[in-house]
Amino acid sequence: MKIAVLSGKGGTGKTLLAVNLAALAQPAVYVDCDVEEPNGHLYFRPKHIVQKPVCIKIPQVNPTLCNGCRKCVEHCAFNALAYVKDNLLIFDDICHSCGLCSLLCPQKALSEIDKEIGIIQSGRADDVCIHTGILHIGQATGIPIIQNLLLEASSADALTVIDCPPGSACIVMESIKDADFCLLVTEPTLFGAHNLSMVHDLVTLFNKPFGVIINKSIPGANPAETFCKENNLPVLGKIPYDKHLSILHSNGEIAVKHSETYRALFSSLLDAVIKEVRHETAPHS
Amino acid sequence: MKIAVPVDENTQNTNVCVSFGRAPYFLFFDTKTKQTYFVHNSAASSTGGAGIQAAQIIVDNGVDVLLTPRCGEQAADVLIAADIALYKTFSGSAQDNLDAFAADKFSELDDIHAGFHGHGGK
Ligand code: SF4
Ligand code: SF4
């Protein structure tokens, strides 16, 4: 069972929820797809880390074969190529590795070479496998890292928790592609409701079963909950606003390992989620 | 010498466009023949790498000097590879900028990222 945890912006409690659910559900797999700022591993402190590079293909020109016909420059949909003073300039950071230019070149002057854009680290803490994607600074897209990461992390039986990047961009779509269920984390504010509506659009687009968890919940007005009611979004649970919980989390601790109260809180959330997943996915399986 | 300026409109009294890669037109002025012409910037509507494509247009028009309010890192790479000198415009009409350039009142563009090490004019 694969559960993706999403939120419209960073800092809503996405990692708090993902880390604690994975820690509770052991055996579990925790996948950190927030490749620009992966921080889940700081909580698990995994051991026996194995590291793999992630590469993309970029074109390389053989200047003696190139005759300056410019076919490649004209057809690159991303404008990653320019031809100046008898030289082909290739902008690696703009290139999307589509491979078209190498195919098109009438002179066979272009070949594809590997360029490392990031790494995947896999390790273990108790009975949780932790897979972390890390995008090297300055690289345009983390999508190839997420694709490799999800392959690496695929597990038949353990519960897999996918900690998605914040937002609703294509990198998030890639992260939820194979998920059986999406958990949308939000805050009980107007801003939270707005961000929730964006990720809600995304999961609806992908036709994914989902549920909402409201973090930092306080009694009283709750625009996020109102939004859920008005639009018929299932709220699976709430994490009450709790200073002690925030402090534990910001100190890099996994709350369920520290107190029975939090264990009970996240267990009830996990139960609610699993129940909902079984319910939602039952007709298909 | 041929000078290029990113501009808002394809008319003689147009203003300098605030953007380089996304400028709707480029104005080209030949100091020898005193001829001016405009070229539509096909990069303006492209989804990515607009600066590179725009710079390619400048290069392909055989420009020696580009007057522009700013310029991205990659566009600068293309322009510098083509030995095009970059100078910073002030806001206002393209003509005022061309006049000021002719009167030698211009400073080189230093508005690119750190990788740009000023490329000699002339
Ligand atoms: S298509 Fe091939 S031969 Fe033509 S400019 Fe590009 S690299 Fe050179
Ligand atoms: S691989 Fe695709 S994106 Fe990259 S330079 Fe070639 S045509 Fe452009």
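Let me begin with a single residue, A:Gln139, which counts as buried because its relative accessibility comes to 17%, and buried here means under 20%. Please keep in mind throughout that what we are looking at is a predicted model. A:Gln139 belongs to the loop that runs between strand S7 (128-135) and helix H5 (143-153) of chain A. Leaving aside residues up to four places away in sequence, the residues that A:Gln139 touches are A:Asp93, A:Lys115 and A:Ile117.

For contrast, let me stay in chain A and turn to A:Ser267, which is placed in helix H10, residues 260-281. With a relative accessible area of 24%, A:Ser267 is classed as partly exposed, since that class lies between the 20% limit for buried and the 50% limit for exposed. If you would like a distance to orient yourselves, A:Ser267 and A:Pro223 are separated by 44 residues in sequence and by 26 Å in space, taken from C-alpha to C-alpha.

I would now like to move to the enclosed spaces and the ligands. How many cavities of 30 Å³ or more are there? The count comes to three, and I will take two of them in turn, beginning with the largest cavity, which holds about 140 Å³ of space. The elements of chain A that contribute two or more residues to the lining of this largest cavity are strand S3 (47-61), helix H3 (71-75) and helix H4 (100-104). Of these, H4(A) provides the largest share, with four residues. The lining as a whole has 20 residues, and those lying nearest the centre of the cavity are A:Pro59, A:Cys76, A:Cys95, A:Cys98 and A:Cys101. Sorted by class, the lining consists of 13 nonpolar, five polar and two charged residues.

Which ligand sits in this largest cavity? The answer is ligand 2, and the residues around ligand 2 are A:Pro59, A:Cys76, A:Phe78, A:Ala80, A:Leu81, A:Cys95, A:His96, A:Ser97, A:Cys98, A:Gly99, A:Leu100 and A:Cys101. When we sort that shell by class, we find nine nonpolar residues, three polar ones and no charged ones.

The second largest cavity has a volume of about 90 Å³, and this is the space taken by ligand 1. Its lining is made of 13 residues, with A:Cys66, A:Gly68, A:Cys69, A:Cys72 and A:Cys105 lying nearest the centre, and by class that lining divides into nine nonpolar, three polar and one charged. Around ligand 1 itself we find A:Cys66, A:Asn67, A:Gly68, A:Cys69, A:Arg70, A:Lys71, A:Cys72, A:Leu88, A:Cys105, A:Pro106, A:Gln107 and A:Leu110. The shell of ligand 1 is made up of seven nonpolar, three polar and two charged residues.

From the cavities we can pass to the largest pocket, where the space amounts to about 360 Å³. Which residues of its lining lie nearest the centre? They are A:Gly11, A:Thr12, A:Gly13, A:Lys14 and A:His249, out of a lining of 22 residues. Two or more residues of that lining come from each of helix H1 (14-24), strand S10 (210-217), strand S11 (235-240) and helix H9 (243-250) of chain A, and H9(A) gives the largest share, which is four residues. In terms of class, the lining of the largest pocket has seven nonpolar, 10 polar and five charged residues.

Let me finish with chain B, which has three helices and five strands. Reading from the N terminus, the order of these elements is β-β-β-α-β-α-β-α. Chain B has 122 residues, and 46% of them are buried. If we consider contacts in chain B between residues at least 6 apart in sequence, 48% of these join residues at least 24 apart.

My last residue is B:Asn61, found in the loop between helix H1 (50-60) and strand S4 (65-68) of chain B. Is B:Asn61 buried or exposed? B:Asn61 is buried, because its relative accessible area is 18% and the limit for that class is under 20%. Setting aside residues up to four places away in sequence, B:Asn61 touches B:Lys2, B:Phe28, B:Tyr37 and B:Val39. For one of these partners, B:Phe28, I can also give the C-alpha to C-alpha distance to B:Asn61, which is 8.3 Å, with the two positions 33 residues apart in sequence numbering.

How values were computed:
Residues are numbered from 1 along each chain as its sequence is written. Chains are lettered from A and ligands numbered from 1 in the order in which they are written. This is a predicted model: local features need pLDDT of at least 70, side-chain atom pairs count only at pLDDT 80 or more; totals for chains, interfaces and linings use all residues. Side-chain values use heavy atoms; hydrogens and water are left out. A residue is near a molecule or strand if one of its heavy atoms lies within 4 Å of it. On a 1 Å grid over the protein atoms alone, a cavity is a set of points where a 1.4 Å probe fits but cannot get out, and a pocket is an open set with protein on both sides within 12 Å along at least five of seven lines; lining residues have an atom within 4 Å of a point. A molecule sits in a cavity or pocket if more than half of its atoms lie within 2 Å of its grid points. Ala, Val, Leu, Ile, Met, Phe, Trp, Tyr, Cys and Pro count as nonpolar, Asp, Glu, Lys and Arg as charged, and the others, Gly among them, as polar. Grid points are joined across faces, edges and corners, and a volume is the space filled by probe spheres set on the points. Buried means under 20% relative accessible area, exposed over 50%, partly exposed in between (1.4 Å probe, protein chains only). Contact means heavy atoms within 4.5 Å.
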